[in-house]
Structures are given as C-alpha cells and as structure tokens.
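Here are a few short exercises to work through with the model open in your viewer. Try each task before you read its solution.

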Amino acid sequence: SVLFFFVLMGGPAGYVSARFCKLIKEPNQFKTTLLTAVLFPGVCFVVFFYVNMVAWAKNSSSAVPFGTLIVLVLLWFGISLPLIFFGAYLGFKRDTMAVPVATSAIPRQIPPQVWYLSPLTSCIVGGLLPFGAVFVEMFFILSSMWQHRFYYMFGFLGLVFFILLVTCAEITIVLCYLHLCAEDYRWWWRSMFTSGFTAVYMFGYGAYHYFARTHPAAQFDGLSASIYFGYMLILCYAVFVLCGFVGFSCCFTFIRKIYGSIKID
C-alpha cells in the first residue's frame, strides 16, 4: 500500500516541482522534472538493490525475488514517471507564483555572521529538537521492526508524527528569522537542511540501537548489518526529504507573509 500511494503521488510531486521551477526561472524544465522523477526513488532503489545483492550472495531467504524487482521498476517507470511528467505539465501551464517584492539581480553583501548562525550550527540545532520529539517512539518502532515485538500504539504514533512536523516548521521558521535579522538572505537550501538534519540524528540513533540492542554480539554479521543499515538509510533519507520539505515550505510561506505585510509609501 505504501508503494501504491507513493506511485500515485507522482502527479502532485511533478506539479509542485514545476511551480517552483517557474518561480526561480529555471530554464531547463525537463531536467527539473526528470530529477523529481528519479532522484529520490533512484537512491532508494540503488540502496535496496545493493542490500538484495548481499542477500543473494549469502543465499539468504530474505532476498527479494528478481521478478519483484522488475515489478518495482515497472511501477516506477510505467506509472510514477508518467504521472510526474503529467503533473509537471499542469504546473508549467499555470501562472508563476506571485511574490510580494521583487528581488535584485545583484546580490547584497552579507555581513560577517556570528558562530551560532553558521550553516552547520543551524543544522545541528534545527535537527536536534524534532529528533527529541520522536526518539522515544523510535525505540519502540525499531524494536518492533528488528526484534519481533508487537507495536500497537498507532494513535500515539500519529500524534508524535504531527508533533514532528510542527517542531520542524517552528524551529526552521525561527532560525530563518534570525538569519534574516542578521542580513543573511540565503534561506532556500538552509531551510531544508535545517529540519532535514533530523534524519542524521535518527540514523545515529539507529546505529546505536543496532549495536546496543539488536545485535550486541561481538561477531560482526555482514548480512544483518547490510539489511539493517540499508533499510535505515532508506528510511532516514525519506525522513530527510519529508522534514526538509516541511521546513522549506513553511519558511517560504512565512517569508511571503512578512514581506507582503511591508507597506511602502
């Protein structure tokens, strides 16, 4: 069902990508649409295929049959890719999103920034608070996935997921406002990496959970490590894209709102 809904969301993904492509005046529309179609699923497929190759080499029963891989590729290129291009076609047909002020073609000089407003510090701080809202629930989720324990708190999981999104939006807006007050206007990628850094903490906690809980034995098992860290990498990559998009879209809405409130006589 997850793959089914992911494939169907290709249309909205292409539409949103096309709208922002027109906003930033990107001349290569085909490149933008193609990256939307292959960047996220492509990375996930490469990691998944590598994990499956290791399982095949070890003659493991956890290996996915080759026919299933063919079905996944057909879903990707046969359904998701056309939907993305169709959504992009609809997005490019729409008018460009209106912004309250015009930007200058000549970039302004950015004054020296204090250390706590550096990009790395912003990412470390911005990812820590959302991770703090979910790390307790991560223990139960990882235990359910890898230690065969029952998980039944789905209502609480939905609440934690909502808190994660709200926290990502709030911390990204606050840090974006601080950067704007310091005359640093480079908020586009920073807003995405600030909230997306939550995935780095999640991957680090997943590594701790593997060595401390799931596989505490001294002997290192290459197959189990490949499966565990491969799927954790896919999961954290998805969390990075999700949280990054939440942070970016909320910052974009916030900046449009505050600059739209400026009255020029």
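**Exercise 1.** Sort the residues that line the largest cavity into nonpolar, polar and charged.

*Solution.* Keep in mind that this is a predicted model. Start with the list: the lining consists of Thr172, Leu175, Cys176, His179, Asp184, Arg186, Trp187, Arg190, Ser191, Thr194 and Cys251. Now sort them: four come out nonpolar, four polar and three charged. As for where they sit, helix 6 (154-181) and helix 7 (188-196) are the elements that give two or more residues each to this lining. Helix 6 has the largest share, with four residues. The volume of this cavity is about 60 Å³.

**Exercise 2.** Find which residues are joined with Asp184 into one salt-bridge network.

*Solution.* Take the pairs in turn. Asp184 and Arg190 meet at 2.9 Å, N to O. Asp184 also pairs with Arg186, with the closest N and O atoms 3.0 Å apart. Since these bridges share partners, Asp184, Arg186 and Arg190 form one network. Next, check burial, where the cut-off is under 20%: Asp184 has a relative accessible area of 2%, so it's buried. Arg190 is buried too, while Arg186, at 47%, is partly exposed.

**Exercise 3.** How far apart along the chain are Arg108 and Glu183?

*Solution.* First, the contact: they form a salt bridge with the closest N and O atoms 3.7 Å apart. Then place them: Arg108 is in the loop between helix 4 (66-93) and helix 5 (119-146), and Glu183 is in the loop between helix 6 and helix 7, 75 residues apart. Arg108 is exposed at 60%, and Glu183 is partly exposed at 43%.

Notes
Residues are numbered from 1 along each chain as its sequence is written. This is a predicted model: local features need pLDDT of at least 70, side-chain atom pairs count only at pLDDT 80 or more; totals for chains, interfaces and linings use all residues. Side-chain values use heavy atoms; hydrogens and water are left out. On a 1 Å grid over the protein atoms alone, a cavity is a set of points where a 1.4 Å probe fits but cannot get out, and a pocket is an open set with protein on both sides within 12 Å along at least five of seven lines; lining residues have an atom within 4 Å of a point. Grid points are joined across faces, edges and corners, and a volume is the space filled by probe spheres set on the points. Ala, Val, Leu, Ile, Met, Phe, Trp, Tyr, Cys and Pro count as nonpolar, Asp, Glu, Lys and Arg as charged, and the others, Gly among them, as polar. A salt bridge is a side-chain nitrogen of Lys or Arg within 4 Å of a carboxyl oxygen of Asp or Glu. Buried means under 20% relative accessible area, exposed over 50%, partly exposed in between (1.4 Å probe, protein chains only).
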